[in-house]
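Colleague: I am new to reading protein models, and I would love to go through one with you. Could we take it step by step?

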Amino acid sequence: MKYLDESALNKYREDGYIVVDDIIDPSLCDTLNEYVQKNKSTNVDRTKEIDKDFPFSDILGTKVFINTLDEDSTSNPFSLINYGEITRKASFLAGQSMTPSFKKVYLKSAFQGDCEVYHQDYEYHMDKGGATHPFKDYIQCFIALEDHTALGGCLNIMRGSHKRGRIPHDLVMTRNGISKLTINPQVLKELSENDDFQPLHLKKGSCVFFSYITVHGSASNSSPFDQTRMVVEYMGESKRHDDEKTKTFLSRRRKQERGILQSMLDSLPPI
Ligand SMILES: O=C(O)CCC(=O)C(=O)O
Ligand SMILES: [Fe+2]
């Protein structure tokens, strides 16, 4: 699907996501990927991110992503993306004027890119705005900058899971020492009995829009091909995250992470 009409909107409401083809020209994707590879070690700013790296691993391809896209610079090909069109589509699906609030690129490199544990995006944001920011005020656009395959760890979406509302999440430390929020596997098993898991084999330049309570995740990249993806997070145009609430949310998260790390340290045998 390339153009969105009423039946696409109904499908989005029914499934909790919708795939849109050719949102970025594949040749522009190649240029973007080249730029990302050249700048990946210098253009990294995780200050606004809650998923922090912990130095447990020397593998870099799983960790680094670019989130300072520096689009004012004319030499930055990300400025060539037609964000206007993506924003119009996001606004149509969300039923209100949306604005991009955060853009990032995950590398998901060949043989090293790690899994993304299953979650609802709202869990990462709800405490930043409070009751004035219901999940309906957000939508994500996930863009494949290369062909995405199951072996490469494409995004898997649980169709219809948004109808279940918010599901409790736990904080976990992943194998690469990144702290993440995830749904308990037992609950996921129960959900998967009714809701379809859909592996999204997106073509280079295609994207999926999904709601902030649609359950999604992905496996590790065990293929010889990079599977770079770009995420554009959208928020209602009139909404702003509350700085104080965000600070409180982040410090609570840091405290939980310290607790996990401390208990990991405590469980290590004496040297
Ligand atoms: O890269 C992936 O597989 C998932 C990314 C994701 O869940 C997100 O950015 O919200
Ligand atoms: Fe997500």
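What follows is a friendly chat about this predicted model.

Colleague: Let's start with the overview. How many helices and strands does the chain have?
Modeller: The chain has 271 residues, and 35% of them count as buried. Its secondary structure consists of six helices and twelve strands.

Colleague: What share of the contacts with a separation of 6 or more comes from residues 24 or more positions apart?
Modeller: Here we look at pairs in contact and ask how far apart they sit along the chain. Among contacts with a separation of 6 or more, the share from residues 24 or more positions apart is 84%.

Colleague: Now helix H6. How many of its 25 residues are buried?
Modeller: Helix H6 covers residues 243–267 and reaches 36 Å from its first C-alpha to its last, close to the 36 Å expected at 1.5 Å a residue. To count as buried, a residue needs 20 or more other C-beta atoms within 10 Å of its own. H6 is hardly covered, and its count of buried residues is one.

Colleague: Which strands stand at the edges of the open sheet of four strands?
Modeller: The order in this sheet is E4-E11-E6-E9, with antiparallel pairing. Neighbouring strands are turned by 25° against each other on average, direction ignored. Two strands have a single partner each, so one side of each is left without a neighbour in the sheet: these are E4 (116–119) and E9 (197–199).

Colleague: Which residue in E11 stands opposite Glu116?
Modeller: E4 and E11 pair in the antiparallel sense, over two bridges. Across from Glu116, in E11, stands Ser218.

Colleague: Which elements give two or more residues to the shell around ligand 1?
Modeller: The residues surrounding ligand 1 are Tyr106, Glu116, Asp121, Gln140, Leu155, His216, Ser218, Arg229 and Val231. The elements that give two or more of them are strand E11 (216–218) and strand E12 (229–236).

Colleague: How many residues of each class does that shell around ligand 1 have?
Modeller: We can sort the shell into nonpolar, polar and charged residues. The shell around ligand 1 has three of each class: three nonpolar, three polar and three charged.

Colleague: Is Lys108 buried or exposed?
Modeller: Lys108 lies in the loop between strand E3 (98–106) and E4. Most residues other than glycine have a negative phi. Lys108 has a positive phi of about 40° although it is not a glycine. With 29 C-beta neighbours inside 10 Å, Lys108 counts as buried.

Colleague: And what is the phi of Phe111?
Modeller: Phe111 also lies in the loop between E3 and E4. With 15 C-beta neighbours inside 10 Å, Phe111 counts as partly exposed. Its phi is positive in a residue other than glycine, with a value near 65°.

Colleague: Which residue in E10 stands opposite Val19?
Modeller: In a regular strand the side chains alternate between the two faces of the sheet. In strand E1 (residues 17–20), Tyr17 and Val19 point one way and Ile18 and Val20 the other way, and all are buried. Four bridges join E1 to strand E10 (residues 207–211), and the two run antiparallel. Opposite Val19 stands Val208.

Colleague: Last one: what distance separates the C-alpha atoms of His169 and Lys180?
Modeller: His169 lies in the loop between strand E6 (155–158) and strand E7 (170–173). Leaving aside neighbours within four places in sequence, His169 is in contact with His119, Glu123, Leu181, Thr182 and Ile183. His169 and Lys180 are eleven residues apart along the chain, and their C-alpha atoms are separated by 9.5 Å.

Technical notes:
Residues numbered from 1 in each chain as written. Chains lettered and ligands numbered in written order. Predicted model: local features only at pLDDT ≥ 70, side-chain atom pairs only at ≥ 80, totals over all residues. Expected span 1.5 Å × (residues − 1). Buried ≥ 20, exposed ≤ 12 C-beta atoms within 10 Å, placed from the backbone. Contact = placed C-beta atoms within 7 Å. Near = placed C-beta within 6 Å. Nonpolar A, V, L, I, M, F, W, Y, C, P; charged D, E, K, R; others polar. Pairing = 2+ DSSP bridges. Axes fitted to C-alpha atoms, helices over the stretch in contact; angles between N-to-C directions.
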